[in-house]
Amino acid sequence: MGQRIHFVVDPQGWCCMGLIIFVWLYNTIFIPKVILLPHYEEGNISVLAVLCYYFCSLFCIASLFRASVADPGKLPENPKIPITEREHWELCNKCNMMRPKRSHHCSRCGHCVRRMDHHCPWINNCVGEDNHWLFLQLCFYTQILSSYTLILDFCHYYYFLPLKKENWDVFVFRHELALLRISAFMGLIILGGISRLFYTQLMGIFTDTTSIEKMSNCCEDISRPRKPWQQTFSEVFGTHWKILWFIPFRQRQALRVPYHFANHV
């Protein structure tokens, strides 16, 4: 099943996503230029450390773009409702369209989204059934990249041997301290914020509860059977193969979820 393109016209979302891209570009350009490549040339670090940084950076930006343009689960105007599932659909009181239970109407996007978790301005898109897995990958690789950057900033001053071939005529080396302080500041801010978000997302999957359902307090423990965590994660990522949960360069295949697990939002 191919991934449909979804584009949200929202200037605020564009600004937020532009800020994220700026931070990514800043660290992807200056960290290798100032730390990774010079220390690799002088034999202080291995090529594996350089490749790991670029792979983390690639996976981070790939999951960001895919999460921002992927259809989160927008419902069509005239959905075909299977006869056996009609009792598990309801009428949206905002757009007057039929939708599956656990769907929610996004006022910013102007339509209902299947199993919507929240609208995220940082990806300028809703986080719903079809792109939740990409949002989780974005949080995961952002944490890794931020942590890796902070470790490199620390090691550059307190662990690695001083560079012998620095060219002080180059801008990045003349302003190295300022550039790395900015990098460390952004890394700490992003790591702190994204770690808290990632934790709440994981807890939501473990309990099979979306952020909107938590805020509305509509999900009681007795309202539906509790699923094993492997099943809830497999439903989010669209595969039972755990290794594929970490790869953003694939198409998600929706696993059919029985609607008796659904809950009213």
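Q: How far apart are the closest N and O atoms of the salt bridge that Glu213 forms with Arg102?
A: In this predicted model, Glu213 lies in helix 6 and Arg102 in the loop between strand 2 and strand 3, so the salt bridge ties together parts that are 111 residues apart in sequence. Glu213 counts as buried at 1% relative accessibility, and Arg102 counts as buried at 6%. The closest N and O atoms of this salt bridge are apart by 2.7 Å.

Q: Which residues are joined into one network by salt bridges that share partners?
A: Besides its contact with Glu213, Arg102 forms a salt bridge with Asp208, with the closest N and O atoms 3.5 Å apart. Asp208 sits in the loop between helix 5 and helix 6, 106 residues from Arg102, and is buried with a relative accessible area of 4%. Salt bridges that share partners form one network, whose members are Arg102, Arg115, Asp208 and Glu213.

Q: Is Glu129, the salt-bridge partner of Arg114, buried or partly exposed?
A: The salt bridge between Arg114 and Glu129 has its closest N and O atoms 2.9 Å apart. Arg114 lies in the loop between strand 4 and strand 5, and Glu129 in the loop between strand 6 and helix 3, so the pair ties together parts that are 15 residues apart in sequence. Buried would require under 20% relative accessible area; at 28% relative accessibility, Glu129 counts as partly exposed.

Q: What is the angle between the ring planes of Phe55 and Phe59?
A: The structure holds 16 aromatic pairs. Among them, Phe55 and Phe59 have their ring centres 6.5 Å apart and form an edge-to-face pair. Both residues lie in helix 2, 4 residues apart, about one turn of the helix. Edge-to-face applies to planes over 60 degrees apart, and for Phe55 and Phe59 the angle is 85°.

Q: Which helix holds Trp229, the ring partner of Phe206?
A: Phe206 and Trp229 form a tilted pair, 6.2 Å centre to centre with 55° between the planes. Phe206 counts as partly exposed at 34% relative accessibility, as does Trp229 at 38%. The pair links distant parts of the chain, 23 residues apart: Phe206 is in helix 5, and Trp229 is in helix 7.

Q: Which element supplies the largest share of the lining of the second largest pocket?
A: The second largest pocket has a volume of about 590 Å³ and is lined by 28 residues. By class, this lining has 20 nonpolar, 8 polar and no charged residues. Helix 1, helix 2, strand 5, helix 3 and helix 5 each supply at least two lining residues. The largest share, 9 residues, comes from helix 5.

How values were computed:
Residues numbered from 1 in each chain as written. Predicted model: local features only at pLDDT ≥ 70, side-chain atom pairs only at ≥ 80, totals over all residues. Heavy atoms only, no water. Phe/Tyr/Trp six-rings, centres within 6.5 Å; stacked < 30°, edge-to-face > 60°. Buried < 20%, exposed > 50% of the residue type's maximum accessible area, 1.4 Å probe, protein only. 1 Å grid on protein atoms, 1.4 Å probe; cavity = no way out; pocket = protein on both sides within 12 Å on 5 of 7 lines; lining within 4 Å. Points joined across faces, edges and corners; volume = space filled by probe spheres on them. Nonpolar A, V, L, I, M, F, W, Y, C, P; charged D, E, K, R; others polar. Salt bridge = Lys/Arg side-chain N within 4 Å of Asp/Glu carboxyl O.
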